Amino acid sequence: MTSHINAAEIWLQACLKLAQGWTQRQGGPQTAQHNAASSVKAEPLVQASARYWDQQIALWRAVMSPAASGNSAVPLVTAPEPDDRRFQGEDWTGNAWYGALMQAYLLNSRLLAEIVGAVDLDDNTRHKLRFFTRQGIDSMSPENFAATNPEAPRLAVQSQGGSL
């Protein structure tokens, strides 16, 4: 029988092979020819995708490691910007589940921002696209939902449900 750690490692290796194959195909000659006629710069997308998958795999390796069992902290693969006030609570870095959720959100939001940056648009349209993308990204922050915000259950108990 395969242990949970071995199964997780096998799954991670399969994801790594999938990601590597995808990024290699993205940088192939057919893609370069296609993107030469489009308004998307291929090289930044390939780099962003490769960086994203490398960080996602590192994050899930950290989450699946024996050191991250229970409520212990998950090593940081990515961290919020210093001026980002959403993830200042101790649980975002001190609790494995919330830490993994925060980091997955940050990796996804940075990938979306990089994709927008790779699109060749006039300044006005680029500004609008960045604005609306940022609004969408911010609206999906785990801090905005009671089920994914570590402070929400604590405040609900303290206020005897009044915060809900």
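Leaving aside neighbours within four places in sequence, Arg110 is in contact with Thr78, Ala79, Pro80 and Glu81. Keep in mind as you look around that this is a predicted model. Arg110 itself sits in helix α5, which covers residues 96–118. Is Arg110 buried, exposed or partly exposed? Its relative accessibility is 25%, so Arg110 counts as partly exposed; buried would require a value under 20%.

Now turn to the other side of that contact. Thr78 belongs to the loop between α3 (42–64) and α4 (91–94). Which residues does Thr78 touch, not counting those up to four places away in sequence? They are Gln103, Leu106, Leu107 and Arg110. With a relative accessible area of 8%, Thr78 is buried, because that value is under the 20% cut-off.

**How α5 meets α6**

Arg110 also gives us a path to the next helix. Ile137 is 27 residues away from Arg110 in sequence, and the two C-alpha atoms are 9.1 Å apart in space. Ile137 is one of the α6 residues that make the contact with α5. Helix α6 spans residues 123–139, and its axis lies 10 Å from that of α5, at a packing angle of about 170 degrees. Angles over 145 degrees count as roughly antiparallel, and α5 and α6 are therefore roughly antiparallel to each other.

Who makes this contact? From α5 come Tyr105, Ser109, Leu112, Ala113, Val116 and Gly117. From α6 come Arg126, Leu129, Arg130, Thr133, Arg134, Ile137 and Asp138. Sorted by class, the contact has 6 nonpolar, 3 polar and 4 charged residues.

**Aromatic rings**

A pair of aromatic rings is described by the distance of the centres and the angle of the planes. How many aromatic pairs does a search of the whole structure find? There are 6, and two of them are worth visiting here. In the pair of Tyr52 and Trp53, the ring centres are 5.4 Å apart and the planes meet at 75 degrees, so the pair is edge-to-face. Phe87 and Trp92 also form an edge-to-face pair, with 4.9 Å from centre to centre and 90 degrees between the planes.

The table shows how accessible these four residues are.

| Residue | Relative accessible area | Class |
|---|---|---|
| Tyr52 | 14% | buried |
| Trp53 | 30% | partly exposed |
| Phe87 | 5% | buried |
| Trp92 | 0% | buried |

Why does Trp53 count as partly exposed? Its relative accessible area is 30%, and partly exposed covers the range between the 20% and 50% cut-offs. Phe87 and Trp92 also take part in a cluster: together with Trp97, Tyr98 and Tyr105, they form one aromatic cluster. You have already met Tyr105, which is among the α5 residues in contact with α6.

**The whole chain**

Finally, step back to see the full protein chain. It has 7 helices and 0 strands, and reading along the sequence gives the pattern α-α-α-α-α-α-α. The chain has 164 residues, and 31% of them count as buried. Among contacts with a separation of 6 or more, 61% involve residues 24 or more positions apart. The chain exposes about 10,600 Å², and carbon and sulfur atoms supply 59% of that area.

Definitions and conventions. Residues numbered from 1 in each chain as written. Predicted model: local features only at pLDDT ≥ 70, side-chain atom pairs only at ≥ 80, totals over all residues. Heavy atoms only, no water. Helix = DSSP H or I, 4+ residues; strand = E, 2+ residues; numbered from the N terminus. Buried < 20%, exposed > 50% of the residue type's maximum accessible area, 1.4 Å probe, protein only. Contact = heavy atoms within 4.5 Å. Areas by Shrake-Rupley, 256 points an atom, 1.4 Å probe, with all protein chains shown as cover. Phe/Tyr/Trp six-rings, centres within 6.5 Å; stacked < 30°, edge-to-face > 60°. Axes fitted to C-alpha atoms, helices over the stretch in contact; angles between N-to-C directions. Parallel < 35°, antiparallel > 145°, perpendicular 65-115°, else oblique. Nonpolar A, V, L, I, M, F, W, Y, C, P; charged D, E, K, R; others polar.
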